[in-house]
Amino acid sequence: MPRSEAEMSLGAILAFLAVLVVVFLWGNLWFHLVEGLLGRLRRLLPDRRPPSGWHPYPTEEVPEERRADDGP
């Protein structure tokens with residue numbers, strides 16, 4: 001039975017998977033390298049703005065008559 005051109009041999013599949021693993025490892029290494037360099041750069045430079053909260057509360061005060069009516 002003749003092989004069709006769409007079939008891949010086991011060696012080609014393993015080579016393709018090896019290339020994918022190398023690309024994954026290189027990307028992971030590159031990410032950690034860049035993040036490490038940015039972290040060191042952030043430590044060297046002063047932080048000019050205060051840290052912001054994820055969900056800051058509103059700054060307006062609740063009136064006194066409303067506070068008394070809130071509870072049962």
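How many residues apart in helix H1 are Trp26 and Trp30? The legends below address this point and the surroundings in a predicted model.

**Figure 1. Overall view of the predicted chain.** The chain contains 2 helices and 0 strands. Of its 72 residues, 0% are buried. About 7,900 Å² of the chain is exposed, and 66% of this area is supplied by carbon and sulfur atoms.

**Figure 2. Close-up of Trp26 and Trp30 in helix H1.** The two residues are 4 apart in helix H1, which spans residues 10-44, so about one helical turn separates Trp26 from Trp30. The count of aromatic pairs comes to 1. In this pair, the ring centres of Trp26 and Trp30 are 6.4 Å apart and the ring planes meet at 25°. Because centres within 6.5 Å qualify as a pair and planes under 30 degrees apart count as stacked, the rings of Trp26 and Trp30 form a stacked pair.

**Figure 3. Accessibility of the two paired tryptophans, Trp26 and Trp30.** Trp26 has a relative accessible area of 56% and is exposed. Trp30, with a relative accessibility of 49%, counts as partly exposed. The two residues fall into separate classes because the exposed class requires a value over 50%.

**Figure 4. Close-up of a nonpolar patch on the surface.** The patch is formed by Met8, Leu10, Ile13, Leu14, Phe16, Leu17 and Leu20. Together these residues have about 700 Å² of accessible area.

**Figure 5. Detail of Leu20 within the nonpolar patch.** Leu20 lies in helix H1, the helix that also holds Trp26 and Trp30. With a relative accessibility of 42%, Leu20 counts as partly exposed.

Methods. Residues numbered from 1 in each chain as written. Predicted model: local features only at pLDDT ≥ 70, side-chain atom pairs only at ≥ 80, totals over all residues. Heavy atoms only, no water. Phe/Tyr/Trp six-rings, centres within 6.5 Å; stacked < 30°, edge-to-face > 60°. Buried < 20%, exposed > 50% of the residue type's maximum accessible area, 1.4 Å probe, protein only. Areas by Shrake-Rupley, 256 points an atom, 1.4 Å probe, with all protein chains shown as cover. Patch = residues over 30% accessible without salt bridge, like charges linked within 9 Å, V, L, I, M, F, W, Y side chains within 5 Å. Salt bridge = Lys/Arg side-chain N within 4 Å of Asp/Glu carboxyl O.
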